[in-house]
Amino acid sequence: MIQFGYPLYLLIAAVIAVIFGTWHALSKDAKELIVLGPPSSGKTLWLCFLRNVKYEPGGTFDKEPFPSFTFKKKNGDSIKIKSGYDYGGQEENIKAYYKDAICTDAPKAVMFFFSMYSYLNDDSYKRDVIIRLGFIENKFRSQLEKNTFYLIITYADKVPDFKNQAKEITNKLKQAYKLTDLLSKANIMVINATNQSHLENLKNKMKI
């Protein structure tokens, strides 16, 4: 109990210490989650799902901040995520943000989303995906041992025989486009980004 006449500055210091201690306890185990990829690949939808906020269609331009949050997995684990950014899929954002986003010392998961349908049917989109993955491999290679990389192939519902198609895509990315270092250690998942059960499954399989 604080006695009458206790110096005010000590009382303020004690309150600050409690606040800081609480903040530190909540933030010390927080991880970074970096979600990248071309436009309309499911990035914002995924972040909204994890944060349990309503998804508003329309796309993200440049980058939009999100506050720190916690999500729970089916096994009961609670994962704390640091505040970060929802990066738009515009090409100029590769040089503007990718390096600074992935080259930090904090423990992190880097997730790269792209549409299987667009990859198979649009050559410019395909080239864009390959360039972005090459950039990530070049910048992120030294951190692959201590961090986690996810390749999320989305909109599988639009592609017949999507499982075999996904295997062909990833094998070619490794062999023909020399992305072996990155993809040999990647967690690769094929999902329908608009399917809640697929998103839930992805969340429960995340290791970060």
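Which residue of β7 is the bridge partner of Val110? The bridge partner of Val110 in β7 is Phe149, and that pairing is a good way into this predicted model. The protein has 208 residues, of which 42% count as buried. Its secondary structure comes to eight helices and eight strands. Among contacts between residues at least 6 apart in sequence, 72% join residues at least 24 apart.

**The open sheet**

- Four strands make up an open sheet in the order β1-β6-β7-β8, and the pairing is parallel.
- The edges are taken by β1 (32–36) and β8 (187–190); each has a single partner strand, so one side of each is left without a neighbour in the sheet.
- On average, neighbouring strands of this sheet are turned by 20° against each other, direction ignored.
- Strands of a sheet pair through backbone hydrogen bonds, in either a parallel or an antiparallel way.
- Between β6 and β7, which run parallel, there are seven bridges.
- On its other pairing, strand β7 (residues 148–154) joins β8 in the parallel sense over four bridges.
- Two pairs show how β7 and β8 line up: Ile152 stands opposite Met189 in β8, and Tyr150 has Asn187 of β8 as its bridge partner.

**A closer look at β7**

- Strand β7 is mostly covered, with seven of its seven residues buried.
- Which way do the side chains of β7 point? Thr148, Tyr150, Ile152 and Thr154 point one way, while Phe149, Leu151 and Ile153 point the other way, and all are buried.

**Helices packed on the sheet**

- Helix α2 (residues 43–51) and helix α8 (residues 196–205) have axes that come within 11 Å and cross at roughly 70°.
- Angles of 65 to 115 degrees count as roughly perpendicular, and α2 and α8 are therefore roughly perpendicular to each other.
- On the α2 side, the contact is made by Leu45, Trp46, Phe49 and Leu50; on the α8 side, by Gln196, Leu199, Glu200, Leu202 and Lys203.
- By type, the residues of this contact of α2 with α8 divide into six nonpolar, one polar and two charged.
- Helix α2 also packs on the sheet, where it touches β1 and β6 (108–115), and its direction makes about 150° with that of β1.
- Helix α8 packs on the sheet too, touching β6, β7 and β8, with a direction that makes about 170° with that of β8.

**Lys203, a buried lysine**

- Is Lys203 of helix α8 buried or exposed? Lys203 counts as buried because its relative accessibility is 12%, and the cut-off for buried is under 20%.
- Apart from neighbours within four places in sequence, Lys203 is in contact with Trp46, Phe49 and Leu50, and also with Phe71, Lys72 and Lys73.

**The β3–β4 hairpin**

- Strand β3 (residues 69–72) and strand β4 (residues 78–81) run antiparallel and are joined by four bridges.
- Within this pairing, Phe69 stands opposite Ile81 in β4.
- Side chains alternate along β3: Phe69 and Phe71 point to one face and are buried, whereas Thr70 and Lys72 point to the other and are not.
- The hairpin has five residues between the strands, and Gly76 takes a positive phi near 100° there.

**Tyr98 and its surroundings**

- Tyr98 belongs to helix α3 (residues 93–102) and is buried, with a relative accessible area of 1%.
- Although Tyr98 and Leu36 are 62 residues apart in sequence, their C-alpha atoms are 7.9 Å apart in space.
- Which residues does Tyr98 touch, not counting those up to four places away in sequence? They are Leu36, Gly37, Asn93, Phe112, Arg132, Phe135 and Ile136.
- With Arg132, Tyr98 also shares a polar contact of 2.9 Å between side chains.

**Thr170 in helix α6**

- Thr170 sits in helix α6 (residues 162–175) and is buried, at a relative accessible area of 8%.
- A polar atom of the Thr170 side chain lies 3.1 Å from the backbone oxygen of Lys167.
- Leaving out residues up to four places away in sequence, Thr170 touches Leu151, Ile153, Leu183 and Ile188.
- Two of these link back to the sheet: Leu151 and Ile153 are among the buried residues of β7.

Methods. Residues are numbered from 1 along each chain as its sequence is written. This is a predicted model: local features need pLDDT of at least 70, side-chain atom pairs count only at pLDDT 80 or more; totals for chains, interfaces and linings use all residues. Side-chain values use heavy atoms; hydrogens and water are left out. Buried means under 20% relative accessible area, exposed over 50%, partly exposed in between (1.4 Å probe, protein chains only). Contact means heavy atoms within 4.5 Å. A polar contact is a pair of N or O atoms within 3.5 Å; within protein, one must be able to donate a hydrogen and the other to accept it, and residues adjacent in sequence count only if both atoms are side-chain atoms. Axes are lines fitted to C-alpha atoms, for helices over the stretch in contact, and angles run from 0 to 180 degrees between N-to-C directions. Angles under 35 degrees count as roughly parallel, over 145 as roughly antiparallel, 65 to 115 as roughly perpendicular and the rest as oblique. Ala, Val, Leu, Ile, Met, Phe, Trp, Tyr, Cys and Pro count as nonpolar, Asp, Glu, Lys and Arg as charged, and the others, Gly among them, as polar. Two strands pair if DSSP finds at least two bridges between them.
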